[in-house]
Amino acid sequence: MDILEKIPAACASNVVVYLMLVWCKAMDCYLLPMLRFPLLILHDFFKRWLFKPMTLQIEEYHGTSTRNKVYDASALYLQSKISPSTQILKISQTWRETSLTVNFANNQEFDDMYEGVQLKWKFSSMSKRSSSSSTSSAFKPEQKQYFELVFDLQHKEKMGGNQSRTPATFQTVAMEPELKETVLEDLDRFVKRKEFYQSVGRAWKRGYLLYGPPGTGKSSLIAAMANHLKFDVYDLQLTHLKTDMELRKIVASRGCKIEKMLMAAAKPELEGNQLTLSGLLNFTDGLWSSCGEERIVVFTTNHKSKLDPALLRSGRMDMHIHMSYCTYEGFKILACNYLRTCEQKHPLFEEIESLLNKTKVTPAQVAEQLMKSEEAEVALQAQQAKRQFIQQFEDKHVGIELKWKLNALSKKKEFEFSFDVGHKDKGEQSSCLPYLMERFKAMNEEAKIVKLHTCKLRWF
Ligand SMILES: Nc1ncnc2c1ncn2[C@@H]1O[C@H](COP(=O)(O)OP(=O)(O)OP(=O)(O)O)[C@@H](O)[C@H]1O
């Protein structure tokens, strides 16, 4: 009886196994091949839908004649990607060459992978129209060659596509606390006021001018501003641009691709390049009107006085921020950054405060000293010692404005003394020594410990 009951169950399980085998066979032989095509289309569709490309363009030349190091490094790297399976290559050999030169062919592509991110490289080369009217002897490449590196936008941070995000923040930038507060408030007010700008019929944009000597933190402040607002920075070295056309192209090609952009444009003095004032004004004004999102432009210069007032007027440069030499307040921030002496006041601070009041030293110079040791004591002593040995002063003598710098750290213990070249006759070397010796006497004690070897004249 028991056996009779089990027979239908065994048959049923056999049938199920048989049906499964038939199903698998059918899937393998008929259904999967039939589904493959629609599945591929679906896969492609979703991939394309989800894939937002980010392209890094790496040109061979920066400006007109300076080679781009990133291009050379990319070319070297991609040489290693040439394999027996590479389908196209450009081969050449001149009469003088003994071996073949292998190069990339136009539009040649390479697939690549970086930390799990799918990459595509593309090489492009195009002939440039040579301007026969040009009389300049400067080197001008006949081919424009560049690589494009494409990856999904979502991997931008990993790929370092956001060049702007340096670690500087408002907390780490050494500047006067009130000025820092004013800049922060101004930025926050600006980003909150989209409707306000619309209601008064103005483009939603703000311009800042950062001016001051090299190494006072202008670039650091730009990074801090971008990090605070989570904006992308587009860095533009105006001295590298040769024509207004190049500037216009930048606005047209890149300007609007970056949402929430902070454009940092360095050195708008227009000295030594062919950009014109109207080109620069069109650029700043055009940048706003061509793009809908909020825009911030920060110009940086070491010489505000050399800028045209038209560029400085409110509406173009709304806020002018003077970045100056290191004050005691700034020093405390740097000491906190580098030595973590944020809460406590080190016994050497008082002496350093009085030395900072007497000398001009940039935050970059202070930071360099503080980096020399992780030990607060050692770094602060180095700081104090350096302040005693490097001193810069400005002075006036027989109606001439003078700058002098005493550097007892350099091997020769030299003393630099400079004045405008127009006063060359009055300031000749023979008369500068007695003048300086007299000034030494009037100086603080630290200056006296330096033995004067040379009086080096520099024209500026
Ligand atoms: N105010 C500052 N606060 C914090 N760090 C600073 C400051 N100024 C300079 N530094 C340090 O010195 C380095 C150089 O400074 P930075 O490039 O910001 O100066 P800069 O004023 O932009 O100079 P340049 O006019 O030559 O472009 C920075 O990387 C930073 O480490």
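**Exercise 1. Taking stock of the chain**

Task: Work out how many helices and strands the protein chain has, and what share of its residues is buried.

Solution: Start with the secondary structure. In this predicted model, the protein chain has 15 helices and 17 strands. Next, turn to burial: of the 460 residues, 22% count as buried. Finally, look at the contacts between residues at least 6 apart in sequence: 71% of these join residues at least 24 apart.

**Exercise 2. Two helices that meet**

Task: Describe how α10 and α12 cross, and find which residues make the contact.

Solution: Begin with the geometry. Helix α10 covers residues 328-339 and helix α12 covers residues 363-370. Their axes come within 10 Å and cross at roughly 35 degrees, and the crossing is right-handed.

Now list the residues that touch. From α10 come Gly 330, Phe 331, Leu 334, Ala 335, Tyr 338 and Leu 339. The partners on α12 are Pro 363, Val 366, Ala 367 and Leu 370. Sorting these by character gives nine nonpolar residues, one polar and no charged.

A general point helps with the spacing: an α-helix has 3.6 residues a turn, so residues three or four places apart point the same way.

**Exercise 3. A closer look at α10**

Task: Compare the reach of α10 with the expected value, then say which of its residues are buried.

Solution: Take the span first. The twelve residues of α10 reach 15 Å from the first C-alpha to the last, close to the 16 Å expected at 1.5 Å a residue. Then check burial: Gly 330, Phe 331, Ile 333, Leu 334, Ala 335, Asn 337, Tyr 338 and Leu 339 are buried. Last, step just past the helix, where Arg 340 takes a positive phi of about 60 degrees.

**Exercise 4. Around the ligand**

Task: Find how many residues surround the ligand and which are the closest.

Solution: The count is 16 residues, and the closest are Pro 214, Gly 217, Ser 219, Pro 363 and Ala 364. Next, ask which elements give two or more residues to this shell: they are α6 (218-229) and α12. By character, the shell divides into eight nonpolar residues, seven polar and one charged. Notice that Pro 363 also belongs to the contact of α12 with α10.

**Exercise 5. Leu 280 and Met 245**

Task: Decide whether Leu 280 is buried or exposed, and do likewise for Met 245.

Solution: Leu 280 sits in helix α8 (residues 277-290). It is buried because 23 other C-beta atoms lie within 10 Å, and the cut-off for buried is 20 or more. Beyond its neighbours within four places in sequence, Leu 280 is in contact with Pro 268, Leu 270, Leu 275 and Leu 311. Its C-alpha atom is also 7.9 Å from that of Leu 247, which is 33 residues apart along the chain.

Met 245 belongs to helix α7 (residues 244-253). With 11 other C-beta atoms within 10 Å, Met 245 is exposed. Its C-alpha lies 8.8 Å from that of Leu 275, 30 residues apart along the chain.

**Exercise 6. Positive phi in loops**

Task: Locate Asn 107 and Lys 230, and state the phi of Asn 107 and of Lys 230.

Solution: Asn 107 lies in the loop between β5 (101-103) and β6 (108-114), with phi near 65 degrees. It counts as exposed because it has 10 C-beta neighbours inside 10 Å. Lys 230 is in the loop between α6 and β10 (232-237), with phi near 60 degrees. Having 11 C-beta neighbours inside 10 Å, Lys 230 counts as exposed.

Technical notes: Residues are numbered from 1 along each chain as its sequence is written. This is a predicted model: local features need pLDDT of at least 70, side-chain atom pairs count only at pLDDT 80 or more; totals for chains, interfaces and linings use all residues. Axes are lines fitted to C-alpha atoms, for helices over the stretch in contact, and angles run from 0 to 180 degrees between N-to-C directions. Helices (H or I, at least four residues) and strands (E, at least two) are DSSP runs, numbered from the N terminus. A crossing is left-handed if the near helix is turned anticlockwise from the far one by less than a right angle, and right-handed if clockwise. Two residues are in contact if their C-beta atoms, placed from the backbone, lie within 7 Å. Ala, Val, Leu, Ile, Met, Phe, Trp, Tyr, Cys and Pro count as nonpolar, Asp, Glu, Lys and Arg as charged, and the others, Gly among them, as polar. The expected span of a helix is 1.5 Å times one less than its number of residues. A residue is buried if 20 or more other C-beta atoms lie within 10 Å of its own, exposed if 12 or fewer, and partly exposed in between; C-beta atoms are placed from the backbone. A residue is near a molecule or strand if its C-beta atom, placed from the backbone, lies within 6 Å of it.
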